[in-house]
Amino acid sequence: MNLPACMTLLFVLLLAPAQANTEKVIFLSPPAVIISPSGPSFEQLHLQSITPEKSSLRLSLPPAFPSEEHQRGLDAWYMLRNLNPNQRYEVRVCWAAIQPTNFWLDVYNTSHAFDTPKLIQSLAAFSEAQPAIDLPQDIGSGSSEESLLFLRVQAAADFFTTNKTLMSSPPAVDVDIILDPYLANAFPRSLLPTAIYIVALAIGAWILSGVIWKRLFTATAKPHND
């Protein structure tokens with residue numbers, strides 16, 4: 001194996017552990033829907049929004065141990081707004097290894113969420129539990145059409161301890177929820193700097209290996225005097 005391939009493989013191996021505490025979902029954004037200004041607004045749901053302009057949320061999610069009622073722990077709901085229609089995106093949730101938790105991510109368009117009893121019940125329960133605060137009104141204002149989705153995050157505690165308090169009430173998990181658009185619907189935008197770095201590293205290693213090989217070949221090709 002040549003030097004550039006070795007360097008690239010080493011870099012990839014060093015990056016691999018970072019994926020251990022990341023869960024994601026990849027999707028195509030739906031066509032824009034008409035939002036009537038006279039009807040109920042999505043802000044009344046009191047859900048935090050993630051947009052391409054504000055692409056990440058840092059928060060604490062309360063998990064629960066799987067049960068018959070909540071097989072995947074507790075549900076938390078968010079909105080993905082101001083999306084570009086028919087563009088590929090991914091949403092990631094990242095958390096620390098010291099907080100063992102299983103996460104599931106699902107996205108739903110508005111009609112699916114509102115027409116499915118189980119989903120609308122979960123959404124309504126989460127919405128009612130949120131504090132009645134005034135959310136920013138600039139998201140989607142001035143436009144009657146918007147591409148948006150509901151994001152459901154399910155968190156289930158994944159540990160065992162003899163501490164009865166922790167087993168009855170698992171601590172909240174600190175997470176980052178990140179919306180990442182795809183470039184040309186093929187490559188995550190957040191990985192572009194990493195891709196450029198790997199290419200530059202491979203080119204530099206290839207040039208350096210050529211220089212070293214040339215010097216070694218020149219040195220071995222010189223005649224030796226007895």
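How many bridges join strand S4 to strand S9, and in which sense do the two strands run? In this predicted model, S4 (residues 56–61) and S9 (residues 173–183) are joined by 6 bridges and run antiparallel. Within this pairing, Leu59 has Val175 of S9 as its bridge partner. S9 also pairs with strand S6 (residues 88–95), again in the antiparallel sense, through 7 bridges. Here Tyr89 is matched with Pro181 of S9. A further antiparallel pairing, over 2 bridges, connects S9 with strand S10 (residues 187–188), and in S10 the residue opposite Tyr182 is Pro188. S9 and S10 make up a hairpin with 3 residues between the strands. In the turn of this hairpin, Ala184 adopts a positive phi of about 55°. Strand S9 is thus bridged to S4, to S6 and to S10.

The pairing of S6 with S9 is accompanied by contacts between charged side chains. Arg92 forms a salt bridge with Asp180, with the closest N and O atoms 3.0 Å apart. This pair links distant parts of the chain, as Arg92 belongs to strand S6 and Asp180 to strand S9, 88 residues apart. Both Arg92 and Asp180 are buried. Arg92 also forms a salt bridge with Glu90, and in that pair the closest N and O atoms are 2.7 Å apart. The relative accessible area of Glu90 is 3%, so this residue counts as buried; for Arg92 the value is 15%, and this residue is therefore buried too. Together with Lys24, the residues Glu90, Arg92 and Asp180 are linked in a network of salt bridges.

In total, the structure holds 7 salt bridges. One of them is formed by the side chains of Glu43 and Arg81, at 2.9 Å from N to O. This pair likewise links distant parts of the chain, 38 residues apart: Glu43 is in the loop between strand S2 (33–34) and strand S3 (49–50), whereas Arg81 is in strand S5 (residues 74–83). With a relative accessible area of 14%, Glu43 is buried. Arg81, at 3% relative accessibility, also counts as buried.

Contacts between aromatic rings were examined next. A search of the whole structure finds 8 aromatic pairs. Among them is the pair of Phe114 and Phe150, which is edge-to-face, with 5.6 Å from centre to centre and 70° between the planes. Because Phe114 lies in helix H2 (residues 110–115) and Phe150 in strand S8 (residues 145–157), the pair ties together parts that are 36 residues apart in sequence. The two residues can also be described by their accessibility. Phe114 is partly exposed, at 40% relative accessibility, while Phe150 is buried, with a relative accessible area of 0%. Phe114 and Phe150 belong to a cluster, linked by ring pairs, that also includes Phe42, Trp77 and Tyr108.

Nonpolar side chains also appear at the surface. Val199, Ile203, Trp206, Ile207 and Val211 make a nonpolar surface patch of about 500 Å². Of these residues, Ile207 is located in helix H5 (residues 192–221). The relative accessible area of Ile207 is 47%, so this residue counts as partly exposed.

Key. Residues are numbered from 1 along each chain as its sequence is written. This is a predicted model: local features need pLDDT of at least 70, side-chain atom pairs count only at pLDDT 80 or more; totals for chains, interfaces and linings use all residues. Side-chain values use heavy atoms; hydrogens and water are left out. Two strands pair if DSSP finds at least two bridges between them. Helices (H or I, at least four residues) and strands (E, at least two) are DSSP runs, numbered from the N terminus. A salt bridge is a side-chain nitrogen of Lys or Arg within 4 Å of a carboxyl oxygen of Asp or Glu. Buried means under 20% relative accessible area, exposed over 50%, partly exposed in between (1.4 Å probe, protein chains only). Patches are made of residues with over 30% relative accessible area and no salt bridge: like charges are joined within 9 Å, nonpolar side chains (Val, Leu, Ile, Met, Phe, Trp, Tyr) within 5 Å. Accessible areas come from the Shrake-Rupley method with a 1.4 Å probe; for residues, only the protein chains shown count as cover. Rings of Phe, Tyr and Trp (its six-membered ring) pair if their centres lie within 6.5 Å; planes under 30 degrees apart count as stacked, over 60 as edge-to-face and the rest as tilted.
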